[in-house]
Amino acid sequence: MNKKGFQYRSKDKAYKIKAVNKKKILKKGAVLKLLIIPCIFFFIVSCVLLNHSIEFNGKAANVGYHELGNADYKVYLKNNSYYDTKYLDSGMQYVASLISSVNTKFNYEIHSEKNIDYQYTYNITGDLVIYDTNDSSKVLYTKTYHLLSPKTEKLNSNNLVINEDIDIDYDEYNNYVNSYKKDYGISASSKLVVTMNIDVKGKSDIAEKRLNHKSKLQIDIPLSEQTIDINIASDKINNKGGLFTSSGPIITNVILFIPGIIILLMALTGLIISMSLIVKYRRKNIYVLTLHKFLRDYDRLIVNATDNISEEQFERVIPVSSFTELVDAAENNRTSIIFFEAIPGEKSFFLVIKDKTLYKYRLTKAYLEGNPNAEELHDTKGIDDENN
């Protein structure tokens with residue numbers, strides 16, 4: 001689109017036009033938008049610093065504790081000519097016919113920094129299970145023995161310790177399984193699962209959170225085999241935790257917090273100033289921005305006038321109320337939109353000519369700025385998207 005000067009004569013007035021260079025105004029708008037980028041960058045930096053210096057779920061009161069648990073066993077032997085000791089330690093392979101009993105040991109402890117009010121219950125059960133040798137999930141028979149009845153205790157202390165050991169008469173359970181297999185003529189695997197079940201509840205006067213733990217310690221003893229490998233089926237318990245009262249956000253790193261606040265205030269101040277300048281810039285230059293948008297978006301249709309155009313030569317002069325209607329008129333008539341600026345920075349005309357009919361749209365700064373005395377037609381659609 002060329003930028004030569006031209007003349008336009010209406011029925012009322014004649015205007016002498018000179019081409020106006022608006023690059024400075026548009027460049028200023030682009031610079032103002034670029035000011036937002038460092039503000040956003042510093043805002044992100046401040047958020048990172050504050051995130052690493054504040055604990056949003058602060059703990060005003062904290063009672064730390066350490067939970068421990070372990071299961072072990074010893075295998076006591078019948079009188080024999082081969083072993084000089086009364087028992088064998090855990091972790092060995094054992095000849096079943098030499099086993100007199102299995103002494104199972106369970107230990108559970110909680111050690112805390114300060115006293116905790118405990119209420120705890122525990123018991124020991126033995127589950128005899130006969131199952132398919134090829135698929136342990138296919139259970140043929142099961143029976144539960146209550147080896148230690150439930151015990152419930154209360155304690156106010158910083159140490160909770162439970163030690164229990166149960167002697168398992170190996171022959172009793174082994175003979176029971178052998179009889180079952182003989183009576184029904186089956187071949188199956190079997191075991192006695194010895195389990196200590198622990199349920200601990202605790203609270204502290206200085207902490208809001210309460211302790212509520214349910215734990216199991218388990219030993220599997222194979223039955224009806226020539227040699228057996230006793231398995232400690234449960235993992236050792238070794239957990240650390242704390243009872244605390246939430247106090248909301250607290251500062252954990254002052255060295256990061258202070259710069260974070262300073263940078264945040266700078267970023268917000270810069271952002272507010274930048275946005276204020278952009279708003280003022282848009283209000284002050286709404287005419288230039290709207291005109292630039294029309295010329296940019298419809299460059300394919302718009303041409304500059306190079307000859308004098310007078311309204312008197314047309315039979316009909318139709319004022320168009322919006323620029324989009326003028327675009328429709330140009331496209332429907334398959335012609336171009338003639339543009340010229342009557343008063344630089346103040347008023348422009350866009351024309352569509354079809355035979356003896358002139359379609360005219362007038363764009364004025366006064367009307368765009370909301371001047372109630374301005375009578376010119378205008379179209380402000382898309383101004384907010386200007387220069388994007």
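# Close-up views of a predicted model

**View A. Lining of the largest cavity.** The residues that line the largest cavity divide into six nonpolar, one polar and no charged (Ala, Val, Leu, Ile, Met, Phe, Trp, Tyr, Cys and Pro count as nonpolar; Asp, Glu, Lys and Arg as charged; the others, Gly among them, as polar). The model is predicted: local features require pLDDT of at least 70 and side-chain atom pairs pLDDT 80 or more, whereas totals for chains, interfaces and linings use all residues. Residues are numbered from 1 along each chain as its sequence is written, and side-chain values use heavy atoms, with hydrogens and water left out. The lining is formed by Leu 77, Tyr 83, Leu 88, Gln 93, Tyr 94, Val 95 and Leu 98. This cavity holds about 30 Å³ of space, and a search of the whole structure finds one cavity of 30 Å³ or more. A cavity is a set of points on a 1 Å grid over the protein atoms alone where a 1.4 Å probe fits but cannot get out, and lining residues have an atom within 4 Å of a point. Points are joined across faces, edges and corners, and the volume is the space filled by probe spheres set on them.

**View B. The protein chain as a whole.** The protein chain has 388 residues, of which 39% count as buried (under 20% relative accessible area with a 1.4 Å probe, protein chains only; exposed is over 50%, and partly exposed is in between). Seven helices and 18 strands are present in the chain; they are DSSP runs numbered from the N terminus, with helices H or I of at least four residues and strands E of at least two. Among contacts between residues at least 6 apart in sequence, 73% join residues at least 24 apart, a contact being heavy atoms within 4.5 Å. The accessible surface comes to about 22,700 Å², and 50% of this surface belongs to carbon and sulfur atoms; areas come from the Shrake-Rupley method with a 1.4 Å probe, and for residues only the protein chains shown count as cover.

**View C. The buried face of helix H6.** Helix H6 spans residues 323–332, and its buried residues are Phe 323, Leu 326, Val 327, Ala 329 and Ala 330. Seen down the helix axis, the buried residues of H6 fall within an arc of 160°, so they line one face of the helix; the arc is that of the directions from the axis to the C-beta atoms. The partners in packing are helix H5 (286–297) and four strands: S13 (302–304), S16 (337–343), S17 (347–354) and S18 (357–364). Just after H6, Arg 334 adopts a positive phi of about 55°.

**View D. Ser 348 in strand S17.** Ser 348 belongs to strand S17 and is buried, at 0% relative accessible area. Beyond its neighbours within four places in sequence, Ser 348 is in contact with Tyr 287, Leu 291, Phe 339, Phe 340, Glu 341, Ala 342, Tyr 361, Arg 362 and Leu 363.

**View E. Two loop residues with positive phi.** Ser 224 is not a glycine, yet has a positive phi of about 55°. The loop that holds Ser 224 runs between strand S9 (211–223) and strand S10 (227–228), and Ser 224 is buried, with 16% relative accessibility. Asp 355, likewise not a glycine, has a positive phi of about 55°. This residue is placed in the loop between S17 and S18, where Asp 355 is exposed at a relative accessible area of 64%.

**View F. Val 194 and Thr 144.** Val 194 lies in strand S8 (residues 189–203) and is buried at 0% relative accessibility. Not counting residues up to four places away in sequence, Val 194 touches Thr 104, Phe 106, Ile 124, Thr 125, Gly 126, Leu 147, Ile 168, Leu 217, Gln 218, Ile 219 and Ile 221. The C-alpha atoms of Val 194 and Thr 144 are 9.8 Å apart, with their positions 50 residues apart in sequence. Thr 144 lies in strand S7 (residues 135–169) and is partly exposed at 43% relative accessibility. Outside its neighbours within four places in sequence, Thr 144 is in contact with Thr 125, Gly 126 and Asp 127; its C-alpha atom is 5.7 Å from that of Gly 126, 18 residues apart along the chain.

**View G. Asp 117 in strand S6.** Asp 117 is part of strand S6 (residues 99–132) and counts as partly exposed at 28% relative accessibility. Leaving out residues up to four places away in sequence, Asp 117 touches Leu 155, Asn 156, Lys 201, Gly 202, Lys 203 and Asp 205. A C-alpha separation of 8.2 Å joins Asp 117 to Lys 201, 84 residues apart along the chain.

Terms used. 1 Å grid on protein atoms, 1.4 Å probe; cavity = no way out; pocket = protein on both sides within 12 Å on 5 of 7 lines; lining within 4 Å.
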